[in-house]
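Let's take a friendly walk through this structure, looking at charged pairs, empty spaces and a bit of greasy surface. Have the sequence and the 3D view ready.

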Amino acid sequence: VLGLRRVLEAGAARAAAGRTLDPTSRAELWSRHEAACDAGEDGYRRADTLLHLTIAELAGIPSVVALTAENRARVNAWLDSFPLLPRNIEHSNAQHEQIVTAILAGRGDAAEAAVLEHLAGSEALLRGFLA
């Protein structure tokens, strides 16, 4: 599940950064990032998921959206098994900003690298709680 997540989400970020996004798509991506930043602990997981799914949508490959949504449901089932920590949310939001900024700047390499760094942190957290 985690390996597939790396492939899907890093590839989606690279693909999204490689596209010419219209103003509506650009605004939606930034709005999803802001929504995650503004979400409290109760709404954070949903806002986080919507941001990640928006990136998949912006990749412009419809099958990636479905695969990402299915994969994300599995990841969320694990993430829901332990509490959200404010420090982790802050760190995640900072990483999201790097991802979103790289996509909006059209920097595919940076977007992919930022996603991989973000997912490595999530994976370490999951392994620590689920071990």
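Helices here are DSSP runs of H or I with at least four residues, numbered from the N terminus. With that in hand, Phe129 can be placed in helix H6. One thing to keep in mind throughout: this is a predicted model.

## Charged pairs

Side chains of opposite charge can pair when their charged atoms come close. How many salt bridges does a search of the whole structure find? The count is 9.

Take Glu123 and Arg6, whose closest N and O atoms sit 2.6 Å apart in a salt bridge. Glu123 belongs to helix H6 (residues 108-130) and Arg6 to helix H1 (residues 2-17), so this pair ties together parts that are 117 residues apart in sequence. Is Glu123 buried or exposed? Its relative accessibility is 8%, so Glu123 counts as buried. Arg6, on the other hand, has a relative accessible area of 33% and is partly exposed.

## Two more bridges, and a network

Next up is Asp48, which makes a salt bridge with Arg72, with 2.2 Å between the closest N and O atoms. This pair links distant parts of the chain: Asp48 is in helix H3 (residues 41-58) and Arg72 in helix H4 (residues 62-79), 24 residues apart. Both Asp48 and Arg72 are buried.

Arg74 and Glu70 give another example, with their side chains meeting in a salt bridge at 3.7 Å, N to O. Here both residues lie in helix H4, 4 residues apart, or about one turn of the helix. Arg74 is partly exposed at 48% relative accessibility, and Glu70 is partly exposed with a relative accessible area of 48%. Elsewhere, Arg6, Glu123 and Arg127 are joined into one network by salt bridges that share partners.

## The largest pocket

Rolling a probe the size of a water molecule over the atoms shows where empty space is left. The largest pocket holds about 330 Å³ of space. It is lined by 20 residues, and the closest to its centre are Asn88, Ile89, Ser92, Ser122 and Leu125.

Which helix gives the most to the lining of the largest pocket? That would be H5, with 6 residues. H3, H4, helix H5 (86-104) and H6 each supply at least two residues of this lining. Sorted by class, the pocket lining has 8 nonpolar, 7 polar and 5 charged residues.

## A cavity inside

A search of the whole structure also turns up 1 cavity of 30 Å³ or more. About 60 Å³ of space lies in the largest cavity. Its lining is made up of Glu9, Ala12, Leu51, His52, Ile55, Ala56, Thr68, His96, Ile99 and Val115.

H1, H3 and H5 are the elements that give two or more residues to this cavity lining. The largest share comes from H3, with 4 residues. By class, the cavity lining has 6 nonpolar, 3 polar and 1 charged residues.

## A nonpolar patch

Back to the outside, and to the residue we started with. Which residues form a nonpolar patch on the surface? They are Val1, Trp78, Leu85, Phe129 and Leu130, with about 410 Å² of accessible area together.

Phe129, the patch member in helix H6, has a relative accessibility of 39%, so Phe129 counts as partly exposed. Patch residues need over 30% relative accessible area, a cut-off worth knowing when you look at Phe129 in the 3D view.

Definitions and conventions:
Residues are numbered from 1 along each chain as its sequence is written. This is a predicted model: local features need pLDDT of at least 70, side-chain atom pairs count only at pLDDT 80 or more; totals for chains, interfaces and linings use all residues. Side-chain values use heavy atoms; hydrogens and water are left out. A salt bridge is a side-chain nitrogen of Lys or Arg within 4 Å of a carboxyl oxygen of Asp or Glu. Buried means under 20% relative accessible area, exposed over 50%, partly exposed in between (1.4 Å probe, protein chains only). On a 1 Å grid over the protein atoms alone, a cavity is a set of points where a 1.4 Å probe fits but cannot get out, and a pocket is an open set with protein on both sides within 12 Å along at least five of seven lines; lining residues have an atom within 4 Å of a point. Grid points are joined across faces, edges and corners, and a volume is the space filled by probe spheres set on the points. Ala, Val, Leu, Ile, Met, Phe, Trp, Tyr, Cys and Pro count as nonpolar, Asp, Glu, Lys and Arg as charged, and the others, Gly among them, as polar. Patches are made of residues with over 30% relative accessible area and no salt bridge: like charges are joined within 9 Å, nonpolar side chains (Val, Leu, Ile, Met, Phe, Trp, Tyr) within 5 Å. Accessible areas come from the Shrake-Rupley method with a 1.4 Å probe; for residues, only the protein chains shown count as cover.
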